[in-house]
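Here are some notes to read with the model open beside you. Please take the points in order and look up each residue as you come to it.

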Amino acid sequence: MTSQQTLAPAGATASAPRQWGLLLVLAANMLIDALEVSTQTVAMPSIRTDLDLPLTAAQWTMSGFAVGFGGFMLFGGRLVVLLGRRRVYLAGLLGFAAASLAAGLTSDIRLLIATRVVKGCCAALTAPTGLAIITTAFREGPERSRAVSVYTLFGASGFTAGLLLSGLLTPVDWHWTMAFPAPVVLVLFAFGLRLVPGGAPPAGRPGSDIAGALAFTGWLLALTGAIVSLPGRGWGDPRVAGCFALAAVLLTAFVAVEHATPSPLLVGRVLRNGPLVRSAIGAAALNGSYLGLLFVATFQLQSMPGWTPFRTGLAFLPASLPLAVTALSSGRMVSRFGPPRLIAAGALSTVAGYALYPRGAAPASYATGVLPTMLLVGAGFVLSFAALNTQAVSGVPAAERATAGGTFQTAVQTGAAVMLALVAALCAHRGGPAAPDYGRALALVTAVGGLGLLVALTGLLPPRTRRRDEDGDPQP
């Protein structure tokens, strides 16, 4: 078959080897996207030392990816509608490979940050497309369910794989943690040329809303930059004030553009969906607080004698591995207990873990200081991760589920970017580069986790009470 031939539509007969080859390409790319943050989590202390960076600059190797991912997530879904899944997906793969190669060849922090943002933007093109391709390439029923399960398993395993891989690559040279995706993604691109299906363009195409996408991404970049500039410059510095002012202007522009355009990226009626909003806030709090904890723990552990990057990656496995192991059974658990109860239980578990984490300069012992937190956080992800995703889209009309899913993922990545900036700024605020102030950062991590718990508890209110809280007046 040539690259222009497409897979049979859902419900039709298609070549099983070709279908599962496509699934392998999509799932492997999902794995690469998922491990992008965890590889930099472990490598960050080495990058900081090698380039002589402050904490507030080093955090960009993690948050830059989240800024690009969150800023362009909704726009990526819109491009799929305008240009087609095949074009967008393959373009995303090529851009990701090019940015990975550039990152692996540079030691300039400005270029490094730029490549991280670009990689996040490219992931925002492929992430909303992969699952959509699966729904058209596999028949509805057991066949599609198996394909989605494989795709989900790869995604859930990515963070764990990144911890271990980075632990192996960082001692050789941290540049490899940046560059290794390039050859892998190029191989996926080569297979994707033959396997990723095309499709007829939709009958009615919406506007692109590129202005809205650029305004939102610019707002997130400006806000993150303003936060991390505070420790070294203070509130009165013109650069800090300028960044905050720019962030305010861009956010205002984004709201204005979304109100004015006939095809907004953020649909108002979707944002008025109570379960979606609760899920978005809860997931942003969960993801942001967890990455904030890992930011602190990474620097703490690797400052202790004998703690190599690989040992650090192993230390974080109890928090990430359980989700990968239980990924295939998470749907049954959600069906049995319901999303609200699982989300609340998961949030409670993570907050308990944060509260137990030692507030000193470094844990006295991994077994008593770090491991209990990692186990509780791991349990929290097992309980709430799938439930948050399910609750976000379950009550949304089918025609708006793609927008709802994009909104949910945008909140997750926005929470990560802002939280990492805040944690880095608090660490650097008083302690300075030689003695970071981890206690204040950990207090913020616990508080944000607590916010997620409070939001989750509102989902347990009786429907009548919850509806009154969401709509502002009692319901009949």
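**Notes on the predicted model**

1. I begin with a residue inside the fold: Arg-116 has a relative accessibility of 0% and therefore counts as buried. Please keep in mind throughout that this is a predicted model, and that each value below was computed from it.

2. Which residue forms a salt bridge with Arg-116? The partner is Glu-36, and the closest N and O atoms of the two are 2.5 Å apart. Because Glu-36 lies in helix α1 (residues 16–51) and Arg-116 in helix α5 (residues 109–137), the pair ties together parts that are 80 residues apart in sequence. Glu-36, too, is counted as buried, because its relative accessibility is 0%. A further residue belongs to this group, since Glu-36, Arg-116 and Lys-119 are linked in a network of salt bridges.

3. The structure holds 6 salt bridges, and two others deserve a look. Arg-139 forms a salt bridge with Glu-143, where the closest N and O atoms are 3.3 Å apart; Arg-139 is partly exposed at a relative accessible area of 26%, while Glu-143 is buried at 16%. In the other, the side chains of Arg-233 and Asp-237 meet with an N to O distance of 3.6 Å. Here Arg-233 is partly exposed, having a relative accessible area of 42%, whereas Asp-237 is buried, having 18%.

4. Stepping back to the whole, the protein chain has 20 helices and 0 strands, and its C-alpha atoms fill a box of roughly 60 × 60 × 45 Å along the principal axes. How does the radius of gyration of the protein chain agree with that of a compact globule? For 476 residues such a globule would have a radius near 23 Å, and the protein chain has 22 Å, so the two agree.

5. Two further totals describe how the chain is packed. Buried residues make up 54% of the 476 residues, and, among contacts with a separation of 6 or more, 81% are between residues 24 or more positions apart. The protein chain exposes about 19,500 Å², and 68% of this area is supplied by carbon and sulfur atoms.

6. Helix α3 (residues 60–83) should be viewed along its length, for there is a kink of about 50 degrees in it, centred on Met-73. Is this helix mostly covered or mostly open, and how many of its residues are buried? The helix is mostly covered, with 21 of its 24 residues buried. After α3 comes Gly-84, whose phi is positive, near 100 degrees.

7. Ser-63 lies in this helix, α3, and counts as buried because its relative accessibility is 0%. Leaving aside neighbours within four places in sequence, Ser-63 is in contact with Thr-224, Ala-417 and Leu-420, so that a reader who follows these contacts is led to other parts of the numbering.

8. Gln-302 has its place in helix α12 (residues 274–302). Why does Gln-302 count as buried? Its relative accessibility is 18%, and the cut-off for buried is under 20%. When residues up to four places away in sequence are not counted, Gln-302 touches Val-42, Pro-45, Trp-307, Pro-309 and Thr-312.

9. Leu-317 is found in helix α14 (residues 317–326) and is buried, with a relative accessible area of 14%. Beyond its neighbours within four places in sequence, Leu-317 is in contact with Thr-160, Leu-163, Leu-164 and Pro-322. It is also worth finding Leu-375, which is 58 residues from Leu-317 in sequence and 9.0 Å from Leu-317 in space, C-alpha to C-alpha.

10. The last point concerns the surface. Which residues make a nonpolar surface patch of about 260 Å²? The patch is made by Leu-168, Phe-310 and Leu-314. Of these, Phe-310 is found in helix α13 (residues 309–315), and, with a relative accessibility of 31%, Phe-310 counts as partly exposed.

Conventions: Residues are numbered from 1 along each chain as its sequence is written. This is a predicted model: local features need pLDDT of at least 70, side-chain atom pairs count only at pLDDT 80 or more; totals for chains, interfaces and linings use all residues. Side-chain values use heavy atoms; hydrogens and water are left out. Patches are made of residues with over 30% relative accessible area and no salt bridge: like charges are joined within 9 Å, nonpolar side chains (Val, Leu, Ile, Met, Phe, Trp, Tyr) within 5 Å. Accessible areas come from the Shrake-Rupley method with a 1.4 Å probe; for residues, only the protein chains shown count as cover. A salt bridge is a side-chain nitrogen of Lys or Arg within 4 Å of a carboxyl oxygen of Asp or Glu. Helices (H or I, at least four residues) and strands (E, at least two) are DSSP runs, numbered from the N terminus. Buried means under 20% relative accessible area, exposed over 50%, partly exposed in between (1.4 Å probe, protein chains only). The radius of gyration is taken over C-alpha atoms; the globule rule is 2.2 Å times the number of residues to the power 0.38. Contact means heavy atoms within 4.5 Å. The bend at a residue is the angle between axes fitted to the seven residues ending there and the seven starting there.
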